[in-house]
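Work through the exercises below with the structure open beside you. Try each task before you read its solution.

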Amino acid sequence: MAQAERLKGKVALVTGAASGIGRATARRFADEGAIVVGTDIAVPASSEAASIVGTAGTFLPQDAASEADWSRIENEIRGRFGRLDILFNNAGTSGPADPETCTLAEWRRVMAVNLDGVFLGCRTGIALMKEKGGAIVNVSSCAAYGGFPLSVHYGASKTAVRQFTKSVALHCAAKGYGIRCNSIHPGPTMTGLMKASIARAPSEAEGRARWMAQTPIGRFAEPEEMAALVAWLVSDEATYVTGAEFVSDGGMTAGMGAG
Ligand SMILES: NC(=O)c1ccc[n+]([C@@H]2O[C@H](COP(=O)([O-])OP(=O)(O)OC[C@H]3O[C@@H](n4cnc5c(N)ncnc54)[C@H](O)[C@@H]3O)[C@@H](O)[C@H]2O)c1
C-alpha cells in the first residue's frame, strides 16, 4: 500500500518507465507525492503516459544508452526544477545469447543499454544532485550472482551494475554529496522482458516452469512488489542505506548452490 506523503515534492527520474518495473515504480512514486519525470525509448500515448507519471509528472523520450539524450534530459530537469532528488536507473534489455553465437553487435547493445545507461545515468544524477543530495537506485538482477549462459551479455552487464553501484556510493560518500546509491536485484518478475523470455521456450508452460524451477516461493513477482522496495529505498526511511544490494527474488538466490 502506497504511503501518500513519503516522497512529497521530490523530483524523481525513472528510465524505462513505459513498461514493467519502471512503470510500476513511476506510478508508485507519483502516488507517494513525487513529481515524476518518466522516460523511455518507446513513449506511450499521452493519456497512457499521464496514467503512469500522474498529473504533476511528465514523460519524455530517451534512449538510456545515448550520451546526447542524457545531456538533453539533464538540461530539461535543471531548467524545470533546478535539481533532482531521486533517480531510478531501470531501463534494460536482454535477449538470447550464448557465448558461442552471441554477435558483437548483440553484446554491445545490451552492454550499452544496461551498463553504459547506468553509468551515464549516475553521472547525470550526481551532477543534478550534488548540491542538495539525493538517492539513486540502479536495477541489477539475480543474474549478478551466478552464470547466466542463455543471456551472457545480460549477466555480465548486471554483474557490472552491482559493482559500479558500490563505486558510485563510495565516491559520493567520500565527497560528502549526501547522495546514496544502491542496487536492486529482482527475481523473475512478470514484465515485458519476462514475457519475451517465456515466449522463447518451446511452450509457454515450459517457459514458466523453467523459471519456477529456480523460484522457491513458486510464483512470479508483480512489478508493484519491486516498486514498493524502490520507494522505500529512495525515501527518508532509508537515509543510512548506501552501497548496498537488495535482493527480492522469491528465494532464488537462497537456493543457489544448494544440494
Ligand atoms: N522482469 C524480470 O524478471 C527482471 C529481473 C531482474 C532485473 N530486471 C530488470 O528490470 C528492468 C526493467 O525491466 P522489466 O522487466 O520491467 O522489462 P520491460 O520490458 O517490461 O520494461 C523495460 C522498459 O525499458 C525500456 N527500454 C529498453 N531499452 C531502452 C533504452 N535503450 N532506453 C530507454 N528505455 C529502454 C523498454 O521500452 C521498456 O519500457 C531492466 O533493467 C531489467 O533488466 C527484470
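**Exercise 1. The cavity**

How many nonpolar, polar and charged residues does the lining of the largest cavity have?

*Solution.* Keep in mind that this is a predicted model.

Step 1. Find the cavity. Searching the whole structure for cavities of 30 Å³ or more gives 1. The volume of the largest cavity is about 30 Å³.

Step 2. List the lining. It consists of Thr15, Ala64, Trp70, Asn89, Asn90, Ala91, Val113, Gly117 and Val118.

Step 3. Sort by class. Gly counts as polar here. The lining then has 5 nonpolar, 4 polar and no charged residues.

Step 4. Look for the main contributor. α4 gives the most to this lining, with 3 residues.

**Exercise 2. The second largest pocket and Lys10**

Determine which residues line the second largest pocket, then describe the setting of Lys10.

*Solution.* Step 1. Take the volume. The second largest pocket has about 160 Å³.

Step 2. Read off the lining. Lys10, Asp85, Ile86, Gly133, Gly134, Ala135, Gly178, Arg180, Val234, Ser235, Asp236 and Thr239 make it up.

Step 3. Split it by class. There are 3 nonpolar, 5 polar and 4 charged residues in this lining.

Step 4. Place Lys10. This residue sits in the segment before β1 (11-15).

Step 5. Decide whether Lys10 is buried. The cut-off is under 20% relative accessible area. Lys10 has 19%, so it counts as buried.

Step 6. Name its contacts. Beyond four places in sequence, Lys10 touches Gly33, Ala34, Ile35, Arg83, Asp85, Ile86 and Asp236.

Step 7. Check one C-alpha separation. Lys10 and Leu84 are 74 residues apart along the chain, yet their C-alpha atoms are separated by 7.7 Å.

**Exercise 3. Aromatic pairs**

Classify the pair Phe119 and Phe164, and the pair Phe148 and Tyr154.

*Solution.* Step 1. Count the pairs. The structure holds 3 aromatic pairs.

Step 2. Take Phe119 and Phe164. Their centres are 6.2 Å apart and their planes meet at 75 degrees, an edge-to-face pair.

Step 3. Locate these two rings. Phe119 belongs to helix α4 (residues 104-129) and Phe164 to helix α5 (residues 152-175). The pair links distant parts of the chain, 45 residues apart.

Step 4. Add exposure. Phe119 is partly exposed at 36% relative accessibility. Phe164 is partly exposed too, at 22%.

Step 5. Take Phe148 and Tyr154. Their ring centres are 5.7 Å apart and their planes are at 35 degrees, so this pair is tilted.

Step 6. Add exposure again. Phe148 is partly exposed at 26%, whereas Tyr154 is buried at 13%.

**Exercise 4. Two helices**

Test the spans of α5 and α8 against 1.5 Å a residue, then find what covers their buried residues.

*Solution.* Step 1. Recall the rule. The expected span is 1.5 Å times one less than the number of residues.

Step 2. Apply it to α5. Its 24 residues should give 34 Å, and the end-to-end C-alpha distance is 35 Å, which is close.

Step 3. Apply it to α8 (residues 223-234). Its 12 residues should span 16 Å, and the end C-alpha atoms are 17 Å apart, which agrees.

Step 4. Find the buried side of α5. Its buried residues include Val152, His153, Tyr154, Val161, Val168 and Cys172. Their cover includes α4, β5 and β6.

Step 5. Do the same for α8. Pro223, Met226, Ala227, Leu229, Val230, Ala231, Leu233 and Val234 are buried. They pack against α1 (20-31), β4 (86-89), β5 (134-139), β6 (179-186) and β7 (245-248).

Step 6. Look past the end of α5. Gly176 follows this helix, with a positive phi near 70 degrees.

**Exercise 5. Two strand residues**

Decide whether Thr39 and His185 are buried or exposed, and list their contacts.

*Solution.* Step 1. Place them. Thr39 is in strand β2 (residues 35-40). His185 is in strand β6.

Step 2. Compare with the cut-off. Thr39 is buried at 1%. His185 is buried at 0%.

Step 3. List contacts beyond four places in sequence. For Thr39 they are Leu13, Val14, Thr15, Gly16, Ala17, Phe59, Leu60, Gln62 and Ile73. For His185 they include Ser140, Cys142, Tyr145, Arg162, Glu245 and Asp249.

Definitions and conventions
Residues are numbered from 1 along each chain as its sequence is written. This is a predicted model: local features need pLDDT of at least 70, side-chain atom pairs count only at pLDDT 80 or more; totals for chains, interfaces and linings use all residues. Side-chain values use heavy atoms; hydrogens and water are left out. Rings of Phe, Tyr and Trp (its six-membered ring) pair if their centres lie within 6.5 Å; planes under 30 degrees apart count as stacked, over 60 as edge-to-face and the rest as tilted. Helices (H or I, at least four residues) and strands (E, at least two) are DSSP runs, numbered from the N terminus. Buried means under 20% relative accessible area, exposed over 50%, partly exposed in between (1.4 Å probe, protein chains only). Contact means heavy atoms within 4.5 Å. On a 1 Å grid over the protein atoms alone, a cavity is a set of points where a 1.4 Å probe fits but cannot get out, and a pocket is an open set with protein on both sides within 12 Å along at least five of seven lines; lining residues have an atom within 4 Å of a point. Grid points are joined across faces, edges and corners, and a volume is the space filled by probe spheres set on the points.
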